[in-house]
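Me: I want to know what stands behind the labels people put on a model. Take me through some of them.

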Amino acid sequence: MAGPKEIFAQFVSVFRGLTLVQKLVALAVVAVVVGGLIAITTVGGEATGEYKVLFSGLTQEDAAEVVNRLKEQRIAYKLSGDGGAIMVPASQVYEVRLNLAGQGLPRGGGVGFEVFDQTSLGTTDFVQRLNYQRALQGELARTIRQFQQVLEARVHIATPKESVFVEDEKPVTASVSVKLRGREQLSQHQVQSIVNLVACAVPGLTPENITLVDTAGRLLYRKSSEQGGVLSGNQLEYQFKVEDTLRKKVESMLEEVVGIGRVRASVTADIDFNRKEVTEENFDPEAQVVRSEQTLTEEDQRGGPSPQGIPGAKGELATFAESGEGAGQGGAYKRSNATRNYEISRQTRHVQEPGGTVKRLSVAVMVDGTYDKSVDKEKGTSLKYKPRNPEEMQYFEKLVRNAIGYSEERGDQVEVASMAFALSAMAEPEPAALEKWREVMEWLAMPIVYLLIAVGVLLFVIKPFFRILTTKQLEGRRTAERVEGGHYVAGAGGGPDEEEDLSLSPKGLTDQERIYRLAQSDPDRAADLVRRWLREGA
């Protein structure tokens, strides 16, 4: 097989053997082919007026507004059969898309905060509050629509009228409706994310006052008070995660000993989702502490005159009254009053236990035994089951209890049994000789196919083409190159003095028939050949 250099040399020799017109035609064909490929890959359909999608999946409001803007800018457009896509010329698609994005289109459905871009002085406070509520609903719907599973979304917020009385106040509520794409479903985490998103965006709104549904009529989120003892999606998911985590822990631990795929575990977790709040207040009567003490002591008077006389009298009148007979000797007294308050020692404890505690665990584990392999001439290879010994099973049970956090107070149950697995009892077939090289063969399959195709094109297309061109070139040279005296110079392989073979072709015919055919096909050569015969005979 010729190498790349030889093929290139043949191509150059063939190209040099072409006439000037043939060279120009070949170069023109190559230029047209290369230029066409470049035009197809770069320009695409711009020259042919092809239309490309500008926007698709728009709501009716956004589609109508985009069409109006295209009409105002006098840009040609087309609508798809169902009206779900707007197409513009391929040369303008990116420019128009950036222009509309600068104008805030498409808005994503509904009305957002752009409603406040144009305000008037005559707008009342009621209209302002209403526009704010509309804008908030539209912005929330646009945000929810960013979820991959959500095709459309609508948010309705109910804000009650404010009241000066606390008992008359009503909570803020919201309803969210989503339309999912095809058969897509929202997970519990995504549902909770949407609920928290709406609750945090609206003042005074709590997740308990939000309802989430889809257009198929399915209730995706409900109030916690309406669950009525039925486990919610989050609770079921939490229970499944607990059981799956414990199962994987047990299986991965035992598979390290008995082998991969030879352990099966099942875990059932009884989980208490009730929340408990306990408030305790304990009094200690023996421990008393003086809380407060108040002591009141009156004046102590011993001897000395007691105040007598006419009240309000001054001067000699008051002196006369004091020296009268009614004046007696004064007495003495003392009075004390003490008040003590004692406090009994007490202790107050408030305990709040969250839900989701494990009440009880039940674990069942199956461990495959061992097998004795025997070879029989008639039946072939067979396996005989052999159960594991009790000591080994007790060791496995101890490992399982430690892995799951076994608690006897909770009443946990663990059962480990040695049983024969259905698939393990069957003798494993011996791998084929080529099974080891299967991955390597699959990895090399496509490159080998491509190489065979390239070699086939080179051998059966390119090489015959060059051979035909070379043959035609050599035949042209043989008929064109002549020397005077009736001698032909060989076109290939011969020296300058080597004469042409005088034998007539084709063989199998008489000399007369050969001369007749030669005279009809090439009269000049026949005449030259006759002259040579005459010369040689002379």
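What follows is a set of short questions and replies on those labels.

Me: What kind of model is this, and how are residues numbered?

Reply: This is a predicted model, where local features need pLDDT of at least 70, side-chain atom pairs count only at pLDDT 80 or more, and totals for chains, interfaces and linings use all residues. Residues are numbered from 1 along each chain as its sequence is written, and side-chain values use heavy atoms, with hydrogens and water left out.

Me: Why is the pair Y238 and F273 called edge-to-face?

Reply: Rings of Phe, Tyr and Trp (its six-membered ring) pair if their centres lie within 6.5 Å; planes under 30 degrees apart are stacked, over 60 edge-to-face, the rest tilted. Y238 and F273 are 6.1 Å apart, centre to centre, with 75 degrees between the planes. So the pair counts, and it is edge-to-face. By this rule there are three aromatic pairs.

Me: What makes the pair of Y238 and F273 a tie between parts of the chain?

Reply: Y238 lies in helix α7 (residues 233-258), and F273 in the loop between β8 and β9 (276-297), so the pair ties together parts 35 residues apart in sequence. Helices (H or I, at least four residues) and strands (E, at least two) are DSSP runs, numbered from the N terminus.

Me: Why is Y238 called partly exposed?

Reply: Buried means under 20% relative accessible area, exposed over 50%, and partly exposed in between (1.4 Å probe, protein chains only). Y238 has 36%, so it is partly exposed.

Me: Which label do R360, P285 and R74 get on that scale?

Reply: R360, in strand β11, has 32% and is partly exposed. P285, in strand β9, has 58% and counts as exposed. R74 has 82%, so it is exposed.

Me: What is notable about phi of R74?

Reply: Phi of R74 is near 55 degrees, a positive value in a residue other than glycine. Most residues other than glycine have a negative phi. R74 lies in the loop between α3 (60-72) and β2.

Me: How do you know that β8 and β11 pair?

Reply: Two strands pair if DSSP finds at least two bridges between them. Strand β8 (residues 263-272) and strand β11 (residues 357-368) have 10 bridges, in the antiparallel sense. So they pair. I271 stands opposite V358 in β11.

Me: What joins β11 to β14?

Reply: Seven bridges join β11 to strand β14 (residues 413-419), and the two run parallel. The bridge partner of A364 is E415 in β14.

Me: How many bridges does β2 have with β3?

Reply: β2 and strand β3 (residues 85-89) pair in the antiparallel sense over two bridges. The rule asks for at least two, so the pair counts. L79 has I86 in β3 as its bridge partner.

Me: Why are β1 and β2 said to stand at the edges?

Reply: The open sheet of three strands has the order β1-β3-β2, with antiparallel pairing. β1 (51-56) and β2 (78-79) each have a single partner strand, so one side of each is left without a neighbour in the sheet.

Me: What makes the side chains of β6 alternate?

Reply: In a regular strand the side chains alternate between the two faces of the sheet. Along strand β6 (residues 210-214), I210, L212 and D214 point to one face and are buried, while T211 and V213 point to the other and are not. Strand β5 (residues 173-180) pairs with β6 in the parallel sense over five bridges. A174 stands opposite I210 in β6.

Me: How do you know that R401 sits over the ring of Y406?

Reply: A charge sits over a ring if NZ of Lys or CZ of Arg is within 6 Å of the ring centre and within 35 degrees of the ring normal. The charged end of R401 is 4.5 Å from the centre of the Y406 ring and is listed as sitting over it.

Me: Why is the lining of the second largest cavity called nonpolar?

Reply: Ala, Val, Leu, Ile, Met, Phe, Trp, Tyr, Cys and Pro count as nonpolar, Asp, Glu, Lys and Arg as charged, and the others, Gly among them, as polar. The lining is I515, L518, A526, L529, V530 and W533. That gives six nonpolar, no polar and no charged residues. The largest share, four residues, comes from α12. A cavity is a set of points on a 1 Å grid over the protein atoms alone where a 1.4 Å probe fits but cannot get out; lining residues have an atom within 4 Å of a point.

Note on methods: On a 1 Å grid over the protein atoms alone, a cavity is a set of points where a 1.4 Å probe fits but cannot get out, and a pocket is an open set with protein on both sides within 12 Å along at least five of seven lines; lining residues have an atom within 4 Å of a point.
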